[in-house]
Each structure stands twice: as C-alpha cells, then as structure tokens.
There are 2 protein chains.
Amino acid sequence: MDYPNDQHPGAPVRAGIPEHGRIPKYYAVKARVAALLDELGEGGTLPTERELALRYEVARETVRQALRDLLLEGRLRRHGRGTVVAGPKLEQPLALASYTEGVRRQGLSPGRTLISLDRFPCQDALAEELGVERGRPVWHMERVLLADDERVGLESTYVPVDRVPRLDVEFSPDLSFYSYLHDRLGIAFGDADERIETVLATPREALLIGTPPALPMLLIHRTSRDTDGKRLERVRTLFRGDRFSFTARLGRQG
Amino acid sequence: MDYPNDQHPGAPVRAGIPEHGRIPKYYAVKARVAALLDELGEGGTLPTERELALRYEVARETVRQALRDLLLEGRLRRHGRGTVVAGPKLEQPLALASYTEGVRRQGLSPGRTLISLDRFPCQDALAEELGVERGRPVWHMERVLLADDERVGLESTYVPVDRVPRLDVEFSPDLSFYSYLHDRLGIAFGDADERIETVLATPREALLIGTPPALPMLLIHRTSRDTDGKRLERVRTLFRGDRFSFTARLGRQG
C-alpha cells in the first residue's frame, strides 16, 4: 500500500503535482489512466492508444508516454496485441530461502531455462569472494528465471568446481540448485551477504528476459557461506523491476 | 563488484552483447565511455559530447544516449556545466539503524530539509498499519534527505499524534527522528517490516530531489514497532537509484 498525497487532506500538494503547479500533460493523462486501471481491475483490457487520445483530447504521443511509464512501473502489461491491467508485484523475501520457495509462496510455479554452463579459471576478484585460489576452476551457470512460464529474471551463479565437481552431468538446470546442493551433496547454507540495487538491463539481458531495454531492474548480489562458514557461491540475479519487490523483517540489531 | 562476461574466457558472449551479435551503436559507445571512466578515475572530467562524437565517429545523439544511460546508472554525474566520473554507490544497511547512522558509516554528513509537517485524521489503510483507530490524528512529516549537502532522497513519516504529541514544537526536523524518539521520549525500535522496490519518481518528487524524471528510484516501505511490539510508524523513503544500494546480512532462517 502506498499513500498518495490526496489521502491526507491537510497536504499542500496532491498526487505527485509539483508545488509550482505545472503538471506535465502526459502525467495528467497517466493519473487518469491509473484511475481507469483501478476501475478495470486486474486482467482488464485497456482501450487502445487511439481511443484514449480521443477520450482525453490529447495527442497519441502523450498517451504513449503515459502508458510507457505505467508499463515500466508494472501497472500495465502487454498481452498479445493488447494491453491489460497487471496484478501486484511479486514479493520475494530477502532470505536464504531459494527463488523456488519464494515464488511457490506466491502460488506461482517456478522454473528455469539454462542459458550457459561453463567452467573457467577463477579471476582475482571472484577468487577472493569465493575463497579459492586464483586460477582454480569455477563453474558459471546462467539461467533465465521463470514464474508461471513468464520470464522474470536472469541468474548467474559462480561456484568452485571443487565443491560441485559433477554439476554438469548430475544437475538438472531447470530445478533448484539449492535443493541439489542439499539433497545430493549434503551442503546447507549458513549465511549470506546481499546487496540490492537498481540498474538498467544490458541489451543482451533485455533480450534474454524479454524486456524493453529501458526497464529498471533490481539486481541482487549474493555471496553465501555454508553451515561451516566456508564460502560457497557468488550469485548475481537480475529481476524485472516491474514484477518484483523484496521484503525483509528487521530485528533489533541488523 | 560485478562480473561482466568478459571476465570468464569460456563464455559465448561478451559484455552485454546479445547472441545475435547486433550491438546497438549507442551501447558500443557506452562500453567505450565506461572504459574511459575507469581510466579517468573518480572525479575526473569527461570530454564534451562533441569531442566524444568526434573521437568515436558517431552522431552526437548517439553519444548523448550512451551518457544518459551512464548517468541513470550513477557512473557519471553532472558537476556545474561539466560531467564527471561518479564514485561508487552509497551502501545503506537494511537494518533498524537510522539513515543518519548509515550515511555516517560511509564517512558522509547526513542532513534533512523539512518539506511539510501536518496532522490529519488517519485513513483506513494507514490506520491498520499504525494500529490506531480510523480518524485518530496522525502526523505526516516529509523531509528531503541529504548526504554532504547533496539531495539523495525523500522521506514521508506517518506517526500517531498520541505517540509524539509535541513533534511540531519539540523536534528539529533537520536532526534524526529516531534519536529524538529515543533520547526525548524513551521509545526504542523493536522490529520492522521492510519492502523494497524500484519506481519512477513523480514529477513532484523529481523536483524535490532534483533528479531527472526518468531516473529509477529505490522505494523502501517500512512499518516498525517499538520494543513492546506496539506499532509505531509507517515510513516511505525514496532513494536515488543512481546513488544508493542496500545491503543485508542473511542468517540461517530469514
């Protein structure tokens, strides 16, 4: 839940309008379309750009700019040749739980598509993060993340070959890597450091995930250790910013 | 630290280039400018658009698009009439620690500018989050967040008037609200729920923070409780996505 300014009567400003009172025209259209989305409800089909331009008496380019914003924010989604009202963002816990668990908790079916799996000699920075010697072999596994068959993210996992020597022959890349580590190798996660930021997808990433290049993404960096405190993996996961949010429960001392 | 594809020799693809091999021209320029930034180092001044267009033999519009990306990503910043190489993003812990502590830890000086402080009768959704009855008075305090005098965020705090009856006369809005609660009223934080997402700033928010409207922002929603488990505040903080990242330490069970 968000609190737009129009929810508190005493406020000097309303719904994103600057104090100087000059509202960009596309933004006024955006606010009206946003109200329309609430009426239509999730899955409802939006009128065409042409119809909206006529309805609001503005140029189609103005409507297009408003819809672009709403698409980037995840309030709308393309569906075939039309545009429909999107559901709320998925909430993924910032926790040691895997992607699999997080997506299942939302009632969706998680999936993955392997893009590449290869081994290479570990470079300096990565060697430090993985706690291995420079030049030791490391797996790099890159997978597209799916939720109900929709592409929602891209994950790069770096893990020393010594820890998972048979990754290439034993592991089904459409399944959970964490379950594999646990069930097959008896390795469990102890703790992890995460860093979250917003970035633009590269053209390659945008192509793999199927997003417009301008879409803001959430990038999560993770380095994790097993229950013995030994460094285990370095992961870089890119999530669609219009489809995901992340939650954390903070205790007395973080 | 990030691992571009060119760090692992076995990879089929390099540095964000799609598999089909067609690199958008602006992206090739962006990659070359990014390499130039590494050479120049933090604070170094970038050549003008005109000079870069001549150097790379492309149109100025192509250079402009590349620089826009690098600005949005926080790798460049405007400085007076020029453009300089930006430092790394600030890392703010996702913890009960206040903004003040987080910024100080980075060696910067935190500050705040009051935009508005008013009281209004609590609406439904907010009443539930604050654990107060609908219609009870609530403070809404809106402040711009500063780091070394640079505007980096915008914070809206909602807190029941009953908890902090003298907020308007007792509290200096350029100081830490958490310190005020603790030192003056003996209220300490117990735990909090946070949700983090990426959004576009509204025109009003962009104006207050002084960012271009297209800049992706990180929005953090927080509801927190005091040490007695009583709900205390609802906060909505918008941070510049080009200037901030958030870190978390994850334990065995999140």
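**Two mixed sheets shared between chains A and B**

In this predicted model, eight strands build an open sheet with mixed pairing, in the order β3(A)-β10(A)-β7(B)-β8(B)-β9(B)-β6(B)-β5(B)-β4(B). Strands here are DSSP runs of E with at least two residues, and helices are runs of H or I with at least four, both numbered from the N terminus; two strands pair if DSSP finds at least two bridges between them. At the edges stand β3 (90-93) of chain A and β4 (110-121) of chain B, each pairing on one side only. Neighbouring strands of this sheet are turned by 20° against each other on average, direction ignored. Such angles run from 0 to 180 degrees between N-to-C directions, with axes fitted as lines to C-alpha atoms, for helices over the stretch in contact.

Within this sheet, β3(A) runs parallel to β10 (residues 244-250) of chain A, and four bridges join the two. In this pair, Q92(A) faces F246(A) of β10(A). Helix α7 (residues 177-185) of chain B packs on the sheet and touches β5 (137-147), β6 (150-160), β7 (189-200), β8 (216-226) and β9 (231-240) of chain B, where contact means heavy atoms within 4.5 Å. The direction of this helix makes about 155° with that of β9(B).

A further open sheet of eight strands, again mixed, follows the order β4(A)-β5(A)-β6(A)-β9(A)-β8(A)-β7(A)-β10(B)-β3(B). Its edges are β4 (110-121) of chain A and β3 (90-93) of chain B; each has a single partner strand, so one side of each is left without a neighbour in the sheet. From one strand to the next, the twist averages 20°. Four bridges link β3(B) with the parallel strand β10 (residues 244-250) of chain B, and L90(B) stands opposite F244(B) there.

Chain A is divided into domain 1 (13-85) and domain 2 (90-247), with bounds from an automatic or database domain assignment. Their C-alpha centres lie 35 Å apart. Five residues of domain 1 of chain A touch six residues of domain 2 of chain A. Together the two domains bury about 370 Å², 55% of it on carbon and sulfur atoms; buried area is the accessible area (1.4 Å probe) that two parts lose on being put together, summed over both. L72(A), G74(A) and R77(A) supply 89% of the area that domain 1 of chain A buries against domain 2 of chain A, more than any other three residues.

Residues are numbered from 1 along each chain as its sequence is written, and chains are lettered from A and ligands numbered from 1 in the order in which they are written. Local features need pLDDT of at least 70, side-chain atom pairs count only at pLDDT 80 or more, and totals for chains, interfaces and linings use all residues, while side-chain values use heavy atoms, with hydrogens and water left out.
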